[in-house]
Amino acid sequence: MGLARLEINNIRNLKSVRLDPNPGFNVLYGANGSGKTSFFEALYILGRGTSFRTKDLSRVVHSGNNQFFVAGKLDPSMTTLGVEYQAGGTQYRVAGRNTRSRLELAEHLPLIFISPEHQTLVSEGPQQRRRFLDWGVFHVEPGFIPAWRLYQRALKQRNRALGTPGLESAWDVELARAAELITQYRRNYLARLFPFVEL
């Protein structure tokens with residue numbers, strides 16, 4: 001999935017930008033402070049509904065304004081995506097309809113941002129690596145999100161039951177079943193990646 005069009009309004013130092021990317025390879029270049037990182041931030045917001053630089057989207061708005069929007073048209077499906085922020089909140093749109101789910105944006109525009117901070121994948125514990133891995137699995141295994149939600153629900157219920165004698169193991173079967181599914185999805189994904197990383 002690629003982008004046929006990207007429109008950015010009032011994000012950081014980008015007042016109004018429209019780009020029709022080449023379907024192949026694109027290079028973004030310019031002087032320091034010209035908006036390269038802001039461009040990638042806008043693209044990230046379109047695909048994730050949030051910024052990689054801040055959790056507070058009010059900080060993303062171009063100085064002197066109180067709202068921003070970013071919109072895109074996907075290639076080849078021509079599905080439209082949009083994210084609009086204003087003081088009252090953030091609105092996500094997929095194919096012309098409003099949605100509350102940022103996951104819907106991600107399903108249509110899979111992307112990942114890799115920065116120098118991603119050294120934590122190697123230097124920190126396994127939680128960071130699992131999150132990175134699961135983001136890839138999410139895009140190629142349609143059953144992953146339902147299994148992940150089932151696991152999270154069972155884990156939460158099991159943790160609550162730990163304080164009640166006799167209920168400690170009530171959620172173990174459902175938790176194990178969901179964990180096995182997630183593990184299998186991860187293995188499938190890694191098997192597809194190995195040919196690209198083998199020396």
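This dialogue reads selected features of a predicted model, from its sheet to its helices and aromatic rings.

Student: How should I begin with the sheet, and in what order do its strands stand?

Tutor: A sheet is read by strand order and by the sense of each pairing. Here an open sheet of 6 strands runs in the order 2-1-3-4-5-6, with antiparallel pairing. Strand 2 (14–19) and strand 6 stand at the edges with a single partner strand each, so one side of each has no neighbour in the sheet. From one strand to the next, the twist averages 15 degrees.

Student: What should I expect of the side chains along a strand?

Tutor: In a regular strand they alternate between the two faces of the sheet.

Student: Which residues stand opposite N9?

Tutor: A residue in a strand may have a bridge partner in each adjacent strand, and N9 illustrates this. N9 stands opposite F69 in strand 3, while its bridge partner in strand 2 is S16. As for the strands themselves, strand 1 and strand 3 pair in the antiparallel sense over 7 bridges, and strand 1 and strand 2 do so over 5 bridges. Strand 1 and strand 2 also form a hairpin with 2 residues between them, and R12 in the turn has a positive phi of about 50 degrees.

Student: At the other edge, how many bridges join strand 5 and strand 6?

Tutor: Strand 5 (residues 89–94) and strand 6 pair in the antiparallel sense over 3 bridges. One of the residues to inspect is T99, which lies in strand 6 (residues 97–99) and is the bridge partner of Y92.

Student: Is T99 buried or exposed?

Tutor: The question is settled by relative accessible area, with under 20% counting as buried. T99 has a value of 9%, so T99 is buried. Leaving aside residues up to four places away in sequence, T99 touches Q91, Y92, R93, V94 and E104. With E104 there is also a polar contact of 2.6 Å between the two side chains.

Student: Where would I find an exposed residue for contrast?

Tutor: Exposed residues have a relative accessible area over 50%. Q119 has 57% and is therefore exposed. Q119 lies in the loop between helix 2 and helix 3 (120–123). The C-alpha atoms of Q119 and R177 are separated by 33 Å, and the two residues are 58 residues apart along the chain.

Student: How do I read a helix, and what does helix 1 pack on?

Tutor: An α-helix has 3.6 residues a turn, so residues three or four places apart point the same way. One then considers length, burial and neighbours. Helix 1 has 13 residues and reaches 18 Å from its first C-alpha to its last, close to the 18 Å expected at 1.5 Å a residue. Helix 1 is mostly covered, with 10 of its 13 residues buried; among them are F39, L43, Y44 and L46. The cover includes strand 1, strand 2, strand 3, strand 4, helix 2 and helix 4. Helix 1 packs on the sheet, and its direction makes about 110 degrees with that of strand 1. After helix 1 comes G49, whose phi is positive, near 80 degrees.

Student: Which residues of helix 4 are buried?

Tutor: They are L133, D134, W135, G136, V137 and F138. These buried residues pack against helix 1 (36–48), helix 2 (102–108), helix 5 (144–161) and helix 6 (172–197). Helix 4 (residues 126–140) has 15 residues and reaches 21 Å, close to the 21 Å expected.

Student: How many aromatic pairs does the structure hold, and what describes a pair?

Tutor: The structure holds 6 aromatic pairs. A pair is described by the distance between ring centres and the angle between planes. Y44 and F52 form an edge-to-face pair, 5.3 Å centre to centre with 90 degrees between the planes. Y44 counts as buried at 11% relative accessibility, and F52 as partly exposed at 24%.

Student: Why is the pair of F52 and F113 stacked?

Tutor: Planes under 30 degrees apart count as stacked. The planes of F52 and F113 are at 10 degrees, with ring centres 3.8 Å apart, so the pair is stacked. F52 lies in the loop between helix 1 and strand 3, and F113 in the loop between helix 2 and helix 3, so the pair ties together parts that are 61 residues apart in sequence. F113 is partly exposed, at 26%. Ring pairs link Y44, F52 and F113 into a cluster.

Terms used
Residues are numbered from 1 along each chain as its sequence is written. This is a predicted model: local features need pLDDT of at least 70, side-chain atom pairs count only at pLDDT 80 or more; totals for chains, interfaces and linings use all residues. Side-chain values use heavy atoms; hydrogens and water are left out. Helices (H or I, at least four residues) and strands (E, at least two) are DSSP runs, numbered from the N terminus. Buried means under 20% relative accessible area, exposed over 50%, partly exposed in between (1.4 Å probe, protein chains only). A polar contact is a pair of N or O atoms within 3.5 Å; within protein, one must be able to donate a hydrogen and the other to accept it, and residues adjacent in sequence count only if both atoms are side-chain atoms. Contact means heavy atoms within 4.5 Å. The expected span of a helix is 1.5 Å times one less than its number of residues. Two strands pair if DSSP finds at least two bridges between them. Axes are lines fitted to C-alpha atoms, for helices over the stretch in contact, and angles run from 0 to 180 degrees between N-to-C directions. Rings of Phe, Tyr and Trp (its six-membered ring) pair if their centres lie within 6.5 Å; planes under 30 degrees apart count as stacked, over 60 as edge-to-face and the rest as tilted.
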